[in-house]
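The following exercises are to be worked with the sequence and the coordinates at hand. Each task is followed by a solution in steps.

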Amino acid sequence: MPENTTAFDIREISFSYGNRMAVDTVSFAVSPGELLGVLGPNGAGKSTLLSLIAGNRKPSSGEILLFGKPNRKMTCRERAKKIAFVAQSPSIAYSITALETVLMGRAPHIPATGFESKLDIETALGAMKMVNCEELANRDISELSGGERQRVFLARAIAQQPKALIMDEPTTFLDIGHLSALRKTIAKLRDQLGMTVIIAAHDINFASALCSRILLMRDGRIISDGPPQETIRSDRLAATFQTEVRTMQDPQTGRPLCLMDS
Amino acid sequence: MKSYLTKKKFLFSISILTVLLLAAIYFGLSHGSGSVDIFEALLGGAGSDILLGARLPRVLLAAIVGMALASSGGAFQTLLKNPLADPFILGVSGGAALGSIAALGFRLPFAWISGAAFLGAMLSMIAIMWFSRVRSSFRSTELMLTGVIFNAFCFALILFINAMVTMEEAYQILFLLIGNLEEMGLGLVAITAALVIPGLIILSLLARRMNILMLGDDEARSVGVDPSRIRAAVFVCSSVMVGAAVAASGLIGFVGLFVPHIVRLTLGADNRLLIPASGIAGAAFLVLADTIARTILSNSDYATELPVGVITALIGAPLFMILLRKNMGKSHA
Amino acid sequence: MKIKEGVLITFVIIASLSSQNLFSNDEMPKRIVSLKPVITDTLIAIGAGDMIVGATKYCELEALENRPQIVGDYTRPMIEKIVALRPDVVLNSEENSSRRSFEKMESLGIKTSFFSFSTPDEIVSSISAIGATIVMKKSADAVALQIKKEFIELKKRWSSAPQKKGFIIWGRRPIIAAGDISYMGTLLSSIGVENAAKKSSVPYPRIGVEDILTANPDFIVDLSMGSEAHTPEEAWSKIKNCDAYKRGRIYIMNADDFRPGPRLPDALENLARVIHGER
């Protein structure tokens, strides 16, 4: 069996909300182990694009292949074994503990009814350790701060043991310490577990530091696709965000940094 | 205490609740306006008429109705993420009530009234499902709104019928609406059980996936659970249970609202335990409430019975307040 | 006996003296609205039937040449219709009445008058009182006295019958029995019947199937049927092991006959015959 070299194959997908075209004929491919960042202004279609890739919505035209198999031919459960999705502001209803939340990530691997096994507990705790939130295990999720909650939800995604991780704006509630930790964790996931990661982000510098490839989106279209050095440039960024920015190189890492117009 | 639900905790809790239910049933069978020696009666001696003919069907019906109402109440509270949800919120009960009252208004034979109620429930379920699927693939807010409006419509029709019937019929309509456990014989109780018990089992099997729905639709999908399918399954299952309960006993309030909350406050929100535990606790609660309703005044000067809904509210509400305060104190420590 | 009669006659006289003198002798009311079937029965019995211009939909009006207008049911009188009839007086009973509608009528200048029918003595005195109100005292007192006589005769006739125990059931869902302080309950002893319902301070207690089974009555009188047509076997299948059921002693009768008014003595006589067999 030939090894499949593409993790995600997005072929000319479109999606509209009523009359408004949110994603307009987008095509690109993602290789396994890539760290892909999706940047763009509000309303560019980043969240919609990630929803489509994760299988949460169906494109009105076009096709998405996950590790060689078309999205629409997969059951929810099958897809869940391959991709984990972390939403922008996950909702919580009733009081459950952080550990119970992380354990939900084990769902695709457990039969529909029944209780979690010891292995599941260990995987969950291991995932929490990776994100540095294991001390929160017995705490009530509704009592945690935004940042702590986000780490728990990331742990849940990791406990799912997917091949790919899709994250919609994970940087929102994180302070600089946690941003840094998140960056290191995602890099670890790619290095240790070979995970493919797609992140939609507001924070341009975070994406630049973390990702191996950046997509710039505007009005539902991809207007630039390439490594940070090619995409995080003042002209490209100005076209995307319709505002003047300055860029410079980080002396230590060599990655481009984006600075506001003075 | 472990922070997640283990098999041990599950089995332990269910066992204790089952023992409580059996105790409640014993209490119900041994109390009434007459005095009956249970063991003598069971052996066919004096009082076996009363025990088997009057008390047994009523106590069993109370258990089954309590089971149906509490477990579907809990399921709806989870599904709709709304602590105020009760088993009547989604509109099926309005259709059931309308069915029974229309049957009364059209002067159908009494034995048909329960059947008409259940038919009303099932027609409502289909109507609401069609509406929700067509419009919104079962999103919670839409489901709730549809249910509320449907209930309002059914009750308007009920009031209309009420204005047109005779005095005796109007009084009977009231009787159907406030809820009563008097009416059924063992045969009909068995039919109701056949609708409710499998429903509870199915709901309990769906419980794990209901847990996952608590994360949100997109996240649920991402761990492999299809939200609209699960919501539809829970809705159908609960509708059959609630339809059977209302057809058998009218609208008995508070059980479906309080009992799941009390269970949630003591045993936690994991639906795998919450649903079956609410079912068993609801059964015990309603058996107790009905026994009190029919005995507390019957040997006093008043010598009359109270409607069961009065007792469910009078016991349930203070109990709930006590538990709520205890819980609030805990989390704000 | 004589003392009792004397007391009652005095009672009747006092009651009629103390009832509202709404009208003087020369302004006899000609247009009456009756809001209770019992009152309509009474008006017809004392010869005032043609003065009735408004009645409830449950009143028995077949005998009347000029059909009165229907102005409501037990609890909801239609005020506008009543006003349009320009009645001289509206007669109602105190049980199950909506006070507010009457205050409204009074405020519109309509005379209203209330009467009570909750005990046998009240039944008799109210007949007289109604007569007094509509300035037909003589005929009303005669009717009242007649009724009282009939109650006494009833007791005489059936006093030697062997006591039978039974329930008088007014409603089946929920089961409502005539308590011993209701008018039916009080009169049961006159026809040789012991009320199987427990002593209650509530006139119409709600009872359960268990109460019936425990009491194991000799008979049951079911007055609840109204518009339904069921055989006793269908309606009371839950107590099929009861003696009364097995011996076919569940009697379905018409509640209207047992209204607390002029018809009651005849209905009770009929009931006694059914229970005890002909005498």
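**Exercise 1. Chain A: contacts and overall form**

What percentage of the contacts in chain A with a separation of 6 or more is accounted for by residues 24 or more positions apart? Describe also the make-up and the dimensions of chain A.

Solution. The model under study is a predicted one.
- Step 1. Among the contacts in chain A with a separation of 6 or more, 64% come from residues 24 or more positions apart.
- Step 2. Chain A contains nine helices and 12 strands. Its radius of gyration is 18 Å, close to the 18 Å that the globule rule gives for 262 residues, so chain A is as compact as a globular protein of that length.
- Step 3. The C-alpha trace of chain A spans about 55 × 40 × 40 Å along its principal axes.
- Step 4. Of the 262 residues in chain A, 43% are buried.

**Exercise 2. Chain B: overall form**

How many helices and how many strands does chain B have, and what does its radius of gyration indicate?

Solution.
- Step 1. Chain B has 13 helices and zero strands.
- Step 2. The radius of gyration of chain B is 20 Å, and the globule rule gives a value close to this, 20 Å, for 333 residues; chain B is therefore as compact as a globular protein of that length.
- Step 3. Taken along the principal axes, the box filled by the C-alpha atoms of chain B is roughly 60 × 50 × 35 Å.
- Step 4. Buried residues make up 57% of the 333 residues of chain B.
- Step 5. For contacts in chain B between residues at least 6 apart in sequence, 76% join residues at least 24 apart.

**Exercise 3. Helix 4 and B:Ser132 of chain B**

Test the length of helix 4 of chain B against its expected span. Then determine whether B:Ser132 is buried or exposed.

Solution.
- Step 1. Helix 4 of chain B covers residues 92-105, which is 14 residues. At 1.5 Å a residue, it should span 20 Å, and its end C-alpha atoms are 20 Å apart, which agrees.
- Step 2. Since 12 of the 14 residues of helix 4 of chain B are buried, this helix is largely enclosed by the rest of the structure. Among its buried residues are B:Val92, B:Gly95, B:Leu98, B:Ile101 and B:Leu104.
- Step 3. Just after helix 4 of chain B, B:Arg107 has a positive phi of about 60 degrees.
- Step 4. B:Ser132 belongs to helix 5 (residues 111-136) of chain B. A residue is buried if 20 or more other C-beta atoms lie within 10 Å of its own. B:Ser132 has 23 other C-beta atoms within 10 Å and is therefore buried.
- Step 5. The C-alpha atoms of B:Ser132 and B:Ala232 are separated by 9.5 Å, although these residues are 100 residues apart along the chain.

**Exercise 4. The strand partners of strand 6 in chain C**

In which sense, parallel or antiparallel, does strand 6 of chain C pair with strand 7 of chain C? Treat strand 8 and strand 10 of chain C likewise.

Solution.
- Step 1. Strand 6 of chain C (residues 164-172) pairs with strand 7 of chain C (residues 175-177) in the antiparallel sense, over three bridges. C:Ile169 has C:Ala177 as its bridge partner in strand 7 of chain C. A hairpin through two residues joins these strands.
- Step 2. With strand 8 of chain C (residues 193-195), strand 6 of chain C pairs in the parallel sense over three bridges. C:Lys164 has C:Val193 as its bridge partner there.
- Step 3. Strand 10 of chain C (residues 219-222) runs parallel to strand 6 of chain C, and four bridges join them. C:Ile168 stands opposite C:Val221 in strand 10 of chain C.

**Exercise 5. The two contacts of chain B**

Which helix of chain B gives the most to the side that touches chain C, and which to the side that touches chain A?

Solution.
- Step 1. The contact between chain B and chain C takes 25 residues from each of these chains. Helix 7 of chain B gives the most to the side of chain B that touches chain C, with six residues. By class, that side has seven nonpolar, nine polar and nine charged residues.
- Step 2. Towards chain A, 24 residues of chain B are in contact with 32 residues of chain A. Here helix 8 of chain B gives the most to the side of chain B, with five residues. That side has nine nonpolar, six polar and nine charged residues.
- Step 3. The predictor gives the complex an ipTM of 0.79 and a pTM of 0.84.

Terms used:
Residues are numbered from 1 along each chain as its sequence is written. Chains are lettered from A and ligands numbered from 1 in the order in which they are written. This is a predicted model: local features need pLDDT of at least 70, side-chain atom pairs count only at pLDDT 80 or more; totals for chains, interfaces and linings use all residues. Two residues are in contact if their C-beta atoms, placed from the backbone, lie within 7 Å. Ala, Val, Leu, Ile, Met, Phe, Trp, Tyr, Cys and Pro count as nonpolar, Asp, Glu, Lys and Arg as charged, and the others, Gly among them, as polar. Two strands pair if DSSP finds at least two bridges between them. The radius of gyration is taken over C-alpha atoms; the globule rule is 2.2 Å times the number of residues to the power 0.38. The expected span of a helix is 1.5 Å times one less than its number of residues.
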